[in-house]
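Colleague: Please pick one spot in this model and walk me through it closely, then work outwards to whatever surrounds it. Give me the cut-offs as you go, since I'd like to know what each word means.

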Amino acid sequence: MGEPSEPTVGAEHLAVAIKAAAAMDIKEKEAVCDTLYVTQPNLLASVLVLPSLGVAMETVDVVLNLLIVLHLAVEKSGQVLAMVSEEDLERELQRFTASVRFTGGLDEQTIRQSIQQTTAYRKEGILLAYAYDTLRRSGIADQRHESAKYPIMAAINLVNSIATARLNN
């Protein structure tokens, strides 16, 4: 199956998902997490493992809320993703870390071009932009301690994994 020329999740789907997640109480968010546990357990686990890596619960909450919004946006788009495996997560994480290492020492324009060549940027640019903005607004992107890299990597890997999941529809 070739890559679609348009993103699978549009801005309108993301906007609806953001509003829906913001209006949810804790029980409703738990229900979404229960659904994720059944449909995308590895995506959920990639967030829930963060405290064992020294990430503060407030930061985990930001990444978990990001996952909830991403899940709702995909759902609102009518897409059904294949279950993301541990291998899928690992492959996307390796690609992401390789691209980060590749950009070391490059000028800003070359870095921008490198990002624009990633599958997530081409296929789910709206979700990727939302993830980056969420990390920036929460202050996670500005943290400089060693454990700060884990929520950033997890958040971007969520989008990368969603972008490359085979669609089942």
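Modeller: Let's start at Asp88, which sits in helix α5. Helices here are DSSP runs of H or I with at least four residues, strands are E runs of at least two, and both are numbered from the N terminus. What you're looking at is a predicted model, so local features need pLDDT of at least 70 and side-chain atom pairs count only at pLDDT 80 or more, while totals for chains, interfaces and linings use all residues. Residues are numbered from 1 along each chain as its sequence is written, and side-chain values use heavy atoms, with hydrogens and water left out.

Asp88 is buried, because its relative accessible area is 16%; buried means under 20%, exposed means over 50%, and partly exposed is in between, with a 1.4 Å probe and protein chains only. Setting aside residues up to four places away in sequence, Asp88 touches Met83 and Ser161, where a contact means heavy atoms within 4.5 Å.

Asp88 also belongs to a charged group on α5, so let's build that up. A salt bridge here is a side-chain nitrogen of Lys or Arg within 4 Å of a carboxyl oxygen of Asp or Glu. Arg95 makes one with Glu92, with the closest N and O atoms 2.9 Å apart. Those two are three residues apart in α5, so about one helical turn separates them. Salt bridges with shared partners tie Asp88, Arg91, Glu92 and Arg95 into one network. Within it, Arg91 and Glu92 meet at 3.4 Å, N to O. Burial varies inside the group: Glu92 counts as buried because its relative accessibility is 4%, whereas Arg91 is partly exposed at 32% and Arg95 is partly exposed at 46%.

The structure holds six salt bridges, and another of them is on α2. There Lys27 pairs with Glu30, the closest N and O atoms being 3.8 Å apart. Again the partners are three residues apart in their helix, α2, so the separation is about one helical turn. Lys27 counts as exposed at 59% relative accessibility, while Glu30 is partly exposed at 38%.

Back to the contact with Ser161, which takes us to α8. In that helix Ser161 is buried, and so are Pro151, Ala154, Ala155, Ile156, Asn157, Leu158, Val159, Asn160, Ile162 and Ala163. The geometry of α8 checks out too: at 1.5 Å a residue its 16 residues should span 22 Å, and the end C-alpha atoms are 22 Å apart, which agrees. The expected span is 1.5 Å times one less than the number of residues.

Two of those α8 residues, Ala154 and Leu158, touch Ser46, and Leu89 does as well, again not counting residues up to four places away in sequence. Ser46 is found in helix α3, residues 41-48, and counts as buried because its relative accessibility is 16%. A polar atom of the Ser46 side chain lies 2.7 Å from the backbone oxygen of Leu43.

What about the loop before α5? Leu81 sits between α4 and α5, and it is buried, with a relative accessible area of 15%. Its C-alpha atom is 5.9 Å from that of Ala165, although the two are 84 residues apart along the chain.

Zooming out, the largest nonpolar core has 41 residues, and Val47, Ile68 and Leu127 have the most contacts inside it. Such a core is a set of buried Ala, Val, Leu, Ile, Met, Phe, Trp, Tyr and Cys residues joined through side-chain atoms within 4.5 Å. The elements giving it two or more residues include α3, α5 and α8, and the largest share, 11 residues, comes from α4. Beyond four places in sequence, Ile68 is in contact with Ala21, Met24, Lys29, Val32 and Cys33.

For the whole chain, the secondary structure is eight helices and zero strands. Of its 169 residues, 41% count as buried. Among contacts with a separation of 6 or more, 82% link residues 24 or more positions apart.

Terms used. Polar contact = N/O pair within 3.5 Å; in protein donor to acceptor, adjacent residues only side chain to side chain.
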